[in-house]
Each structure stands twice: as structure tokens, then as C-alpha cells.
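Student: I am new to this structure and would love a close look at one part of it. Could you walk me through the largest nonpolar core?

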Amino acid sequence: MKCPVCKEENFESKEIEPNLFAEVCSKCLGKWISSDNYNRWLAGLEGRLPEIPSSDEAAFTIREFELAKLCPQCRRILVKYKIGRNIAFKIDRCGNCAGVWLDSDEWATLRSRNLHDELNKVFTDHWQEEVKKEETRQALEKIYAEKFGEDDYRKIKDFKTWIEQHEKSSEIKAFIRDKNPLQF
Ligand SMILES: [Zn+2]
Ligand SMILES: [Zn+2]
């Protein structure tokens, strides 16, 4: 098996979590987790760990160089999956054997957010649609923040929430829309 990054045979079998074995490249520290190994480990877990939200709003930038990687097992091109949730990198997965490639520190990052036990969900259409929605939402937030300025945009959002939750919400909106509400 050749490392998808170093293209050399540097793999060593290592237990990266209790009962989870991966082939770890001794040069780049990337990890190859076969689908069998992952699913066996997942099945042995007591339950899923609750996701830890991101504390870093600015982390959502793609840092990765977009070179295609080949599956070390079957030599197919690995497919890149965004994770969303302010995780900057994508993970590579083989569409044929369902093995997963993680660059050196990616497993540790996923584990720090308790997303390491959610990989099978990340590869579903549903998860990927949610990632796209989140990206759109963040792009729109950025546009509005630039348009109104950060401070005003925050005030506008608070005001909007206050109106939407108010029992007289439609009257308040009518009052605001009316150029001269004190005259009949
Ligand atoms: Zn390597
Ligand atoms: Zn494969």
C-alpha cells in the first residue's frame, strides 16, 4: 500500500483509538482507516459523543491544496468531503472500498470536536446538503455585515428577533412601514 500523499510504502498499523486500527504513514503521519475497521470500532462504542461546537468563527477557510489522492487499497481517486461545522479541511474517501484518508492532524481535530464518530454521516447527501446551506448562510452573513457594518448588523438582527417574537409583531411592522403613523 502506498501513501496517497508521499506515494511511498511507509505504512505502519497503529491503534489510534482503543480498538481502532489505522495504517499510519511514518513520513507524513496521514492515516488510512478501512471501512471495516471504522465500522467495527463504531459498533463497539457505548454511544455517540455529543458534538462540541466550534469556538473559532474564523476557522472556516479551506487551507488544503486540492491535489487528488489515490486510494492506497484500490488506487481509485479519493473523493473529498467537506465536514462543515467550521472545520477547515476536507476528508478523502474512496467511493469503491469506503476507506477514509485523514492527513496528519485531522483525526485529532475531529476527535477534539467529537466528530470522529460521525464520519459515516458526513458522507451522506443529507450532511453534505447541510454543509452547503451553512456555507450559504455564512456567505450571506458576510454580505450583510459588510453592507450594514458589523455593529449595525448585530443591532438589526436583535431588533428583527425582538419583532418576530413580539405578540404584536404585525402591528409593529405596520407602524415602522408607515411613513407617518401619527396622521390619518
Ligand atoms: Zn505519507
Ligand atoms: Zn479504495
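Tutor: Happy to; here is the core, followed by the protein around it. Please keep in mind that this is a predicted model.

The largest nonpolar core has 23 residues. Those with the most contacts inside it are A22, I33, Y38, V100, W101 and L102. Several elements feed into this core, each with at least two residues: strand 2 (20-25), strand 3 (31-33), helix 1 (35-44), strand 6 (100-102), helix 2 (106-112) and helix 3 (119-122). The largest share, 4 residues, comes from strand 2. As background, nonpolar side chains in soluble globular proteins tend to be buried together.

Now pick out W101 on your screen. Setting aside neighbours within four places in sequence, W101 is in contact with P4, G30, W32, K69, L78 and D92.

Next, step back to the whole chain. The protein has 6 helices and 6 strands, and along the sequence they follow the pattern β-β-β-α-β-β-β-α-α-α-α-α. Its radius of gyration is 23 Å, well over the 16 Å that the globule rule gives for 184 residues, so the protein is more spread out than a compact globule. Along the principal axes, the C-alpha atoms fill a box of roughly 80 × 35 × 25 Å.

The domain assignment gives domain 1 (11-124) and domain 2 (130-177), and the centres of domain 1 and domain 2 are 36 Å apart, taken over C-alpha atoms. Across the protein, buried residues make up 20% of the 184 residues. Finally, among contacts between residues at least 6 apart in sequence, 47% join residues at least 24 apart.

Technical notes:
Residues numbered from 1 in each chain as written. Chains lettered and ligands numbered in written order. Predicted model: local features only at pLDDT ≥ 70, side-chain atom pairs only at ≥ 80, totals over all residues. Domains from an automatic or database assignment. Core = buried A, V, L, I, M, F, W, Y, C linked by C-beta atoms within 7 Å. Buried ≥ 20, exposed ≤ 12 C-beta atoms within 10 Å, placed from the backbone. Contact = placed C-beta atoms within 7 Å. Rg over C-alpha atoms; globule rule 2.2 N^0.38 Å.
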